Structure formats: structure tokens, C-alpha cells
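Biologist: Could we go through the pockets of this model together, one question at a time?

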Amino acid sequence: MTSPYLLRFDSPVGRIELQADDTHLTSLTMERDGTLPHDDEPERPNPVLESARRQLTEYFAGTRTEFDLPVRLVGTPFQQAVWSELGRLGWGEATSYGALAAAVGRPGSARAIGGAVGANPVPIIVGCHRVLASDGRVTGYSGGEGVPTKLWLLAHERVGFAA
């Protein structure tokens with residue numbers, strides 16, 4: 001089901017599409033191969049989306065390091081736990097899939113963690129780009145153009161990673 005409000009804007013990682021209900025941001029999608037999921041729909045902005053666009057623009061400009069936005073994250077209890085842990089990471093911080101698994105009480109479940117990280121409905125706001133392999137390597141990323149988008153976000157936040 002599509003959220004009732006929709007807004008798109010340009011960013012250094014491509015166009016971004018935001019969706020919200022009356023009170024919360026519900027989705028952030030980065031352009032992939034030149035398209036967004038709701039390109040065929042007219043924009044329907046609201047104050048939540050306008051605030052999100054402003055804060056994301058500040059983030060990309062390097063003047064904002066944390067977000068103050070109401071978000072509604074719909075997922076399984078496991079996904080909710082993973083997203084909550086991701087929400088604890090700040091600008092320039094990183095963690096590993098294994099550390100995230102331990103933090104949610106599921107050691108050894110790094111693969112399941114990867115699935116929950118990839119299902120994050122509001123990347124950047126909830127910093128799933130900050131999750132690295134246990135040896136510090138950059139692995140997959142489901143947002144935007146994939147790994148190149150993740151590399152841009154990590155470099156923007158000056159997060160060190162292994163080549």
C-alpha cells in the first residue's frame with residue numbers, strides 16, 4: 001500500500017523518494033538505474049516530508065550529523081530489533097553484521113541480520129550503510145546503486161573500511 005504523501009528530490013546519491021503518512025516518514029528509496037518506485041505518481045508533500053527533505057539536504061551538505069524525524073518502521077519483531085540497534089549508531093560510526101547479531105541476542109545469525117538490514121525502509125535516516133563485514137570490508141547494499149552508494153555514504157561520514 002502506498003503512503004498518502006510522496007516527495008522526490010535530487011541528492012548526491014541520485015534522486016530520493018520519500019513517503020509518509022500524516023505523522024511519520026514511512027519510506028526512503030534511492031534511485032536505481034534512473035527510476036524510483038512511484039515515478040508515475042504526482043508528488044503529494046506534507047510537513048513531515050518537507051522536514052525530511054530539509055534534514056537530508058543538510059546531511060548531504062555535511063551540516064547535519066543526526067536526524068530528528070518521526071519514522072514508522074513496519075516489520076517483524078526481529079527486523080524491529082535490528083533497526084533499533086542501527087538507530088543507535090551515529091554519524092561516522094560503524095558496526096559489523098556479527099556485532100549487530102550479538103546486540104539483538106542472535107549471535108551467529110549474521111545472514112539473517114543482513115536480510116533485516118537490507119529491508120530497512122528508511123536507509124540513511126536509519127544508517128544501514130554503517131554495517132560492514134567483520135573484517136571491515138564493504139559488502140552488499142540494497143539502496144540506490146548498491147555498493148557504490150554505500151561507499152559514497154561511508155566516505156561522506158568518514159567511516160574507515162577495508163579495501
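The questions below concern two pockets and a strand in this predicted model.

Biologist: How much space lies in the largest pocket?

Modeller: Rolling a probe the size of a water molecule over the atoms shows where empty space is left. For the largest pocket, the space comes to about 220 Å³.

Biologist: Which class has nine residues in the lining of the largest pocket?

Modeller: The lining has 15 residues, with Glu66, Phe67, Gly87, Leu89 and Ile125 nearest the centre of the pocket. By class, two lining residues are charged, four are polar and nine are nonpolar. The class asked for is therefore nonpolar.

Biologist: Which element gives the most to the lining of the second largest pocket?

Modeller: This pocket holds about 160 Å³ of space, and Leu28, Asn120, Pro123, Ser142 and Gly143 are the lining residues nearest its centre. Helix 4 (110–118) and strand 3 (25–30) each supply at least two residues of the lining. With three residues, the element that gives the most is strand 3.

Biologist: Is strand 3 largely enclosed or largely open?

Modeller: A residue counts as buried when its relative accessible area is under 20%. Five of the six residues of strand 3 are buried, so the strand is, with respect to the rest of the structure, largely enclosed.

Biologist: Which residue stands opposite Leu25 of strand 3?

Modeller: Strand 2 (residues 16–20) pairs with strand 3 in the antiparallel sense, over five bridges. A hairpin of four residues joins strand 2 to strand 3. Opposite Leu25 stands Ala20.

Terms used: Residues numbered from 1 in each chain as written. Predicted model: local features only at pLDDT ≥ 70, side-chain atom pairs only at ≥ 80, totals over all residues. Heavy atoms only, no water. 1 Å grid on protein atoms, 1.4 Å probe; cavity = no way out; pocket = protein on both sides within 12 Å on 5 of 7 lines; lining within 4 Å. Points joined across faces, edges and corners; volume = space filled by probe spheres on them. Buried < 20%, exposed > 50% of the residue type's maximum accessible area, 1.4 Å probe, protein only. Pairing = 2+ DSSP bridges.
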